Amino acid sequence: MEETTPQPLAGIRVLELGNYIAAPTAGRLLADFGAEVIKVERPGTGDELRNWRLHKGTTSMLFRTINRNKKSVVLDLRSDAGREAVKALAAESDVLLENFRPGTLEKWGLGPEVLNEVNPELVISRISAFGQTGPLSRRPGFAAVAEAYSGFRNLVGDPDRAPVRVGVSIGDSIAGLYAAFGVVMSLYQREARRTVGNGGVPLRERVIDVALHEAMFSMMESLIPDYQAYDVTRERVGGRMEGIAPSNAYVCADGASIVVAGNGDSIYQRYMETIGRPDLAADPGLRTNAERWARREDLDAAISAWTAQRTSAEALEALGAVGVPAGPIYTAADISEDPQYAARHMIQKFDVSTGEEELHDVGFPGIVPVLGEHSLPIHHLGPDLGEHTQEVLAGLLRLSAEQIAEATATKETLPA
């Protein structure tokens, strides 16, 4: 695969102190588009993500995915030498990413004011459960807690059961997206001020504060204004979207389910004609979404009766012929074979080590958004632990072998 599109973040260096998914997602996005991302990991174990969903070996496919296009450097932030190395790397970087509990960097002597002294142009992106300020700021919390606190979890699932979680770490990922956006925004501000000779950007404007629960809360559309204006509390509606009908998943004769979004007024007419219910198409009490939502059970029953008599392929073909938005519910196997994903290079193949064996031609998700006609190429998967320690510490910082050994050895000089 040839790269024909320049990488817009080439020349930007990012120091990533993050673990798990949130900050590493921000780092992945920046690395995808050309930034040099130096990921700092603890000696011995590295990022905890190396062991998440670990099916074989010592390094998970999840880690290889989230940390692609990065460099791995081992440093012990609990040692004086490790922290000094971090400060030296910060002095050579444009951006620092972290997702420790608020106060941790300060405890280690690596807070924003200290980092600002070594690099007064450094953009600092901080991700935490509840943000750097407020009464809950010091409380620990993973994305599951933040998703619940944001109101998101209350809307996921069926109304007669407890709320459920979606199958991916969506809270962490959305927070990572916001962190990356904040970084690019701050870098743009820096360059804009340089252009007009306006001086540097104040530290408070270079600290990007992303709270997991706020990232999810920002996705909640009109949840709060609907409640405060009309005393309307949204409820869980299963596979539907409240106030939008008919839009749901339906089981077909072959046991597969399809999603049909036939809620547009003109689309609805074609939809009902296609499923053999012209009476529903002509019903004056079903002209608007609000009216259709009130009768959603009747509509879903009619649609389910139709899909139950057809295979998923037959149902999709009939709906596609009249322009009703519909699609299959894909599995990993379906995505792996799909021509649309292939045409845009959204599945890229690599030989990958588990830490114990080499696996060949394993597909990994491509880079989004597309610049040009298809995904930019992934240069390399998430690195082995400490793979670039020597290159970065000796090459960039010019540390001696003795200094590198001191900075990378595990020491218990401060509590973790």
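## A tour from strand β2 to the largest pocket

Begin by selecting Lys39, which lies in strand β2, the run of residues 36–41. As you go, keep in mind that this is a predicted model. Colour Lys39 by accessibility and you will find that, at 0% relative accessibility, this lysine counts as buried, since the limit for that class is under 20%. Now show side chains around Lys39: its side chain makes a polar contact with the side chain of Asn67, at 3.3 Å. If you widen the selection, leaving out residues up to four places away in sequence, the residues that Lys39 touches include Glu16, Gly18, Pro24, Asp47 and Phe63, as well as Lys70, Lys71, Ser72 and Val73.

Turn next to the aromatic rings, of which the structure holds 5 pairs. Select Tyr20 and Phe142, which form an edge-to-face pair with 5.2 Å from centre to centre and 65° between the planes. Tyr20 sits in the loop between β1 (13–16) and α1 (22–32), while Phe142 sits in the loop between β5 (123–128) and α6 (143–149), so this pair ties together parts that are 122 residues apart in sequence. With a relative accessible area of 23%, Tyr20 is partly exposed, whereas Phe142, at 53% relative accessibility, counts as exposed.

Move on to Phe130 and Tyr149, whose ring centres are 5.0 Å apart and whose planes stand at 80°, so this pair too is edge-to-face. Here Phe130 lies in the loop between β5 and α6 and Tyr149 in helix α6, and the pair links distant parts of the chain, 19 residues apart. Phe130 is buried, having a relative accessible area of 5%. Then add Trp52 to your earlier selection, because ring pairs link Tyr20, Trp52 and Phe142 into a cluster.

For charges set over rings, go to Arg292, which lies over the face of Tyr268 at 4.7 Å from the ring centre. Select Arg296 as well, and you will see it placed over the face of Trp293, at 4.0 Å from the ring centre.

Finish at the largest pocket, whose volume is about 730 Å³. Which residues lie nearest the centre of the largest pocket? Of the 30 residues that line it, these are Asn19, Tyr20, Asn99, Phe100 and Arg101. If you colour by secondary structure, the elements that give two or more residues to the lining of this pocket are β2, α4 (104–107) and β5. That brings the tour back to two earlier stops, strand β2, where Lys39 lies, and Tyr20, a member of the aromatic cluster.

Notes:
Residues are numbered from 1 along each chain as its sequence is written. This is a predicted model: local features need pLDDT of at least 70, side-chain atom pairs count only at pLDDT 80 or more; totals for chains, interfaces and linings use all residues. Side-chain values use heavy atoms; hydrogens and water are left out. Helices (H or I, at least four residues) and strands (E, at least two) are DSSP runs, numbered from the N terminus. Buried means under 20% relative accessible area, exposed over 50%, partly exposed in between (1.4 Å probe, protein chains only). A polar contact is a pair of N or O atoms within 3.5 Å; within protein, one must be able to donate a hydrogen and the other to accept it, and residues adjacent in sequence count only if both atoms are side-chain atoms. Contact means heavy atoms within 4.5 Å. Rings of Phe, Tyr and Trp (its six-membered ring) pair if their centres lie within 6.5 Å; planes under 30 degrees apart count as stacked, over 60 as edge-to-face and the rest as tilted. A charge sits over a ring if NZ of Lys or CZ of Arg is within 6 Å of the ring centre and within 35 degrees of the ring normal. On a 1 Å grid over the protein atoms alone, a cavity is a set of points where a 1.4 Å probe fits but cannot get out, and a pocket is an open set with protein on both sides within 12 Å along at least five of seven lines; lining residues have an atom within 4 Å of a point. Grid points are joined across faces, edges and corners, and a volume is the space filled by probe spheres set on the points.
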